[in-house]
Every structure is written in structure tokens, then in C-alpha cells.
Amino acid sequence: MADILSVVLWALSFVLQLQAAGVVFFAAAFGPALTISLASVRSLARITAIAAFFVAAAHYFLDAARMAGDLSGVFDSSLQDLAWKSSTGGAFSVRELGLLLIIAGTQTSSVRLTADRFFKASTALSPGLWLKRLSSRGFTIAGVSGAVLVAASFTLTGHTSTSGWRWLLAPLLLAHLLIVAFWFGSLGPLYVVTLRESRERTARVVALFSAAAFWLVPLILLAGVAMAVLLLPSVAALWQPWGEIVIAKGGLFAVLLALAAFNKWRFGPALGNGDLSAGRTFRHMVIAEYALIVVVLCATAVMTTFFSPE
Amino acid sequence: MRYMRIVGGLVLALAATAASAHAHLKKAVPADGAVLSSPPASVVLSFSEPATLTACWLQKGDGPKEKITGLATTPEQQISVQVPKLEAGSYVLSWRVVGDDGHVLPGQIHFTVSAQH
């Protein structure tokens, strides 16, 4: 029971954390190109980060239950102490700090409203405008720092943290997760952008995202293969559960790449050409990509909870 | 072609030397599946790396799982579990350990105490 609950919470937490981090990256990268959808994008990051904060906490407290073999372990102070002093406790602290920074970094709309209330006559030199500009930059830095901390927290525990190849595995895992977060976290905002922004603006944002993803997404595969090579003790270990899940992830990744290629070369340009049905098809493809990445993340949660590369 | 061979060789070299980082059971005394003529006073579990035993149970046949208390609280590569005086029958010793990487791993061994003693 504790194991099942733990892996369900871990999968949910994994999805929420990477989405919160990714939406922040999207807002930082493409925010200047957005108008009416920017507030919704920031709200998505904030709500996801709040949910991730509580789900990650619930998962962390369940670790003691997994140690005890039943749910009563949650109330065992010695086991909670052991979890806190282990690498799990360190990773949890960094993760929660990162999520808090994301929550704080996506509060710009409330600051903007406050600035507007106190400094109604905004001119180029008005304090209100400067406050808005400064706060916007500060909040972006806080949000992006939080997103990087969330991704970095995964390098503090698990297989990569005790391996002799840690010096190489940690940056590989960090790069892998940062790009996955950017890709996965951009899908929700892209969906919102196609619904709310003008045709020209939508086409521009999709083109900018596709250009960035074209160079970044292959690095997910490169980093993933490099990590598998470093962690797997032999080629035969590929046919053990951990290796089989890695192979399944690779297969799903290939399907995802095909969907992303369709979006870049078929539906993205069609959006710019004013094809009315392209927007709907693009959104369907985005939902399909989102669902497939969720499956990959859930498989990763099962893999990292129950299996090891042996 | 030569370049591919160099890259392939590097990949194989890395794969061959990669250290596996997990506290998995390397050896148990009595061994898994052992048939003992006399009951053991303890079970010794040897792991691939230091691990902390967080829970341990002993089950006789289809009976209830009895929790073993008084476990060591420090990480050890070799952990000795004191078991109560055992009667003849088949037993399952199961446990949970936490490794350095923070992973909680379950495990179990089966052994039988014969009726000869």
C-alpha cells in the first residue's frame, strides 16, 4: 500500500514539478512575444508549482512509510529523521525551495496591479513604470532560479548521486531534465497561446518554440543514452526491468519526435498561413505530445522507485 | 569508419567500468533456499554498499509476519539480524533497507529448518 501510494504521488509530483519549471522557462523565453495570454501562462506556472509543493511534501513524508513497509511509518520519528538526514531530505529541501521561488516569481500580475493602483499616471519616468520593470525582471530571475533548483534537486539523490561517474552524470541529468521541462512545460502555454493570441502572434511564438526545440530536444536523447551507458553495468542489463523501461522510454521518445516534427514542419507553418483548421489540429497534437510525455514521466517514476540498473 | 570505431570503443569501455550504485543483497547466511539441520541464531545479510536496515520480518510457513525489533540504526555493509529460537519449518525473512542514494529497497530470503535437530 505504502509503495503504491508512494509511486503514484512520485509520478504526479514529477509531472507537476517539470511542468511548473517548464512553464517558467516558456514565460521567460517567449513572454515578451505574448500579450493577453501571458497572465494565464504565469497563473499556470503558479498553480502547478503550488500543487507540486504539496504533492512533493506528501511523497517525501511517505518515504518513512516505505522504510517501515506500512503507512504507520509516517508517524515513526526515527524513520522521518533518517529520511531527513539522507540524500532524500536534501533533495526535498532544494525542490521545495525551488517551487517556492517559482510561486514567488509568478506573482508579477499582483505587483503590476498594485503599481497601477498607487501610480495611476504612468509616464516613461513614473515610479510605477520603473517598479513594474524592476519587479518583472526580478520575478523572472526568481522564477527561473526556482525552476533550475527544481531540476537540480533530482541530481542530489538516486542512482546518479552515489555513482563513481557522478561528476558526469549530474550535469547530464540536469541538462536532460532542464530540456524535458522546457519541452513538456511549453505544451500547456502553447495550447493557451493558440486559443488567445492573434494568428500572427501565435505563428511567431510557435515558430520561435519550434526553432529552440529543434536544437534542444535531440540533447534529451543524447544525455539519456549517455546516462544509460554510464549506469548500466553491462549490455545484458538492458533486458532487466530497469533497462527494459529505458528501451520503452526510447520508443515513446521516437513517437514524440515524430509528433513534434509534424508540428514544426506541417501545422506550425499552416498556422501562419491562416489555415483555420490548423489551429485545432495543432492543439490536438499538443495534447497527444503532453499525454505521451506524461506516460514517459510515469514510467520514469516507476523505474526510479522500484528498479535499479543492475 | 575509424571515428565510429573509436566512439564505439569508448562507449563499451564506459559501459564495462560503470559502477552500479545500489544497495543490493550480495550474500546471505543462511543462503536463500538453504535447508539447515540446526536453527540459526542470526541471519547475516551482506550488501553491495552500506545500507541501513529499517524494517525486518520473519514469517513461518503461511503464518503471520513477526516484526523483528532492535535493528542497528547505522549503515553497515554486513548486517546481522538476531532471530528468535526457531522450530522446524520453512521461513521467509524479509526486510527494507535504505542505501546511500536514498532508495528504499525491499528484499527477502527463504530457508528451511529441518526436523532433525
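Two residues are taken to be in contact here if their C-beta atoms, placed from the backbone, lie within 7 Å. With that in mind, the reader can turn to this structure, which is a predicted model, and begin with a pair of helices in chain A.

Helix H2 of chain A covers residues 38-68, and helix H3 of chain A covers residues 77-85; their axes come within 9 Å and cross at roughly 115°, in a crossing that is right-handed. On the side of H2(A), the residues that take part are A:Asp63, A:Ala64, A:Met67 and A:Ala68, and these meet A:Leu79, A:Gln80, A:Leu82 and A:Ala83 in H3(A). Sorted by character, the residues of this contact comprise 6 nonpolar, 1 polar and 1 charged.

H2(A) itself repays a second look. Its 31 residues, at 1.5 Å a residue, should span 45 Å, and the C-alpha atoms at its ends are 46 Å apart, which agrees with that expectation. The helix nevertheless has a kink of about 25°, centred on A:Leu62. After H2(A) comes A:Gly69, a residue whose phi is positive, near 90°.

Further along the chain, A:Ala213 lies in helix H9 of chain A, which covers residues 199-231. This residue counts as partly exposed because 17 other C-beta atoms lie within 10 Å, whereas 20 or more would be needed for it to be buried and 12 or fewer for it to be exposed. Leaving aside residues up to four places away in sequence, A:Ala213 touches A:Trp183 and A:Ala260. The C-alpha atoms of A:Ala213 and A:Phe182 are separated by 8.6 Å, although the two residues stand 31 residues apart along the chain.

Note on methods: Residues are numbered from 1 along each chain as its sequence is written. Chains are lettered from A and ligands numbered from 1 in the order in which they are written. This is a predicted model: local features need pLDDT of at least 70, side-chain atom pairs count only at pLDDT 80 or more; totals for chains, interfaces and linings use all residues. Axes are lines fitted to C-alpha atoms, for helices over the stretch in contact, and angles run from 0 to 180 degrees between N-to-C directions. Helices (H or I, at least four residues) and strands (E, at least two) are DSSP runs, numbered from the N terminus. A crossing is left-handed if the near helix is turned anticlockwise from the far one by less than a right angle, and right-handed if clockwise. Ala, Val, Leu, Ile, Met, Phe, Trp, Tyr, Cys and Pro count as nonpolar, Asp, Glu, Lys and Arg as charged, and the others, Gly among them, as polar. The expected span of a helix is 1.5 Å times one less than its number of residues. The bend at a residue is the angle between axes fitted to the seven residues ending there and the seven starting there.
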